[in-house]
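Dear colleague,

I am passing on the structure we spoke about. Please look through it before reading my notes.

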Amino acid sequence: MKRNRKGVSEIIAVVLMILMVTTIGFGVYLYSLGYFTSLTSAREVAGNINIKTIREHFLIVDVNFTANYYGPNQWLVNATVYNYCNYNIEIVSMYLNGTKINVEGNPVSIKPYSYEFVKGPYFGDLGDNVPQLIRVVSSLGNVYENYYPS
């Protein structure tokens with residue numbers, strides 16, 4: 001008994017399904033392109049960095065801790081910073097174990113290939129010969145940090 005079937009063959013049905021799924025996927029892709037164009041890419045942000053930021057080089061040469069400088073349990077933290085680039089740099093902040101220290105003479109300007117003292121008060125206990133994490137930050141956002149014994 002033969003039925004009178006009207007419709008599409010299986011091959012054409014599979015091809016139509018693939019075309020529909022591809023079309024929907026392409027539509028979603030195009031929609032997402034419009035959505036993501038408002039976001040900035042990492043490459044675009046990296047291209048906007050000031051060239052002086054890349055060429056700025058400095059390091060902490062030495063750190064001295066003077067006990068009871070401002071009063072009991074109050075320390076003077078004195079970091080010697082060396083600028084080894086061709087630009088003047090400005091040190092705008094200093095941190096001791098993550099605690100911000102108010103830098104005296106902020107910002108501290110350092111000429112090319114020279115040293116300057118970056119100092120400020122720290123209120124608290126440092127312990128005896130315990131490594132302290134010192135971090136200095138320039139006005140362009142560059143950071144140098146290292147451990148120094150108290």
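The notes below go from the overall layout to the sheet, the core, the aromatic rings and one asparagine.

Layout

Please keep in mind that this is a predicted model. The protein chain contains three helices and eight strands. Read from the N terminus, the order of elements is α-α-α-β-β-β-β-β-β-β-β. Of the 150 residues in the protein chain, 26% are buried. Among contacts with a separation of 6 or more, 55% are between residues 24 or more positions apart.

The sheet

An open sheet is formed by three strands in the order 1-2-6, with antiparallel pairing. Strand 1 (58-71) and strand 6 (114-123) each have a single partner strand and stand at the edges, so one side of each has no neighbour in the sheet. On average, neighbouring strands here are turned by 20° against each other, direction ignored.

Strand 1 and strand 2 run antiparallel and are joined by nine bridges. Their hairpin has two residues between the strands, and asparagine 73 takes a positive phi near 60° there. On the other side of the pairing scheme, strand 2 (residues 74-83) and strand 6 are paired in the antiparallel sense over ten bridges. Tyrosine 82 can be used to follow the register: leucine 59 stands opposite tyrosine 82 in strand 2, and tyrosine 82 stands opposite tyrosine 115 in strand 6.

The core

The largest nonpolar core comprises 23 residues, and Val77, Ile91, Met94 and Ile134 have the most contacts inside it. At least two residues of this core come from each of strand 1, strand 2, strand 3 (89-96), strand 5 (108-110), strand 6 and strand 7. Leaving aside residues up to four places away in sequence, valine 77 touches a list of residues that includes Val63, Phe65, Met94, Leu96, Ile101, Val118 and Ile134. Polar residues are also among the contacts of valine 77, including Asn64 and Lys119.

The aromatic rings

A pair of aromatic rings is described by the distance of the centres and the angle of the planes. The structure holds three aromatic pairs. Tyrosine 82 and tyrosine 84 form a stacked pair, because their ring centres are 6.2 Å apart and their planes stand at 10°. The pair of tyrosine 82 and tyrosine 115 is tilted, at 4.7 Å centre to centre and 35° between the planes. This second pair links distant parts of the chain, since tyrosine 82 is in strand 2 and tyrosine 115 is in strand 6, 33 residues apart. Through ring pairs, Tyr82, Tyr84 and Tyr115 are linked into a cluster. Tyrosine 84 has a relative accessible area of 35% and is therefore partly exposed. Tyrosine 115 is also partly exposed, with a relative accessible area of 48%.

Asparagine 142

Where does asparagine 142 lie? Asparagine 142 is in the loop between strand 7 (131-138) and strand 8 (143-149). Is asparagine 142 buried or exposed? Its relative accessibility is 19%, so asparagine 142 counts as buried, the cut-off being under 20%. The side chain of asparagine 142 makes a polar contact of 2.8 Å with the side chain of glutamate 56. Not counting residues up to four places away in sequence, asparagine 142 touches Thr53, Glu56, Phe58, Val136 and Val137.

Regards

Definitions and conventions. Residues numbered from 1 in each chain as written. Predicted model: local features only at pLDDT ≥ 70, side-chain atom pairs only at ≥ 80, totals over all residues. Heavy atoms only, no water. Helix = DSSP H or I, 4+ residues; strand = E, 2+ residues; numbered from the N terminus. Buried < 20%, exposed > 50% of the residue type's maximum accessible area, 1.4 Å probe, protein only. Polar contact = N/O pair within 3.5 Å; in protein donor to acceptor, adjacent residues only side chain to side chain. Contact = heavy atoms within 4.5 Å. Pairing = 2+ DSSP bridges. Axes fitted to C-alpha atoms, helices over the stretch in contact; angles between N-to-C directions. Core = buried A, V, L, I, M, F, W, Y, C linked by side-chain atoms within 4.5 Å. Phe/Tyr/Trp six-rings, centres within 6.5 Å; stacked < 30°, edge-to-face > 60°.
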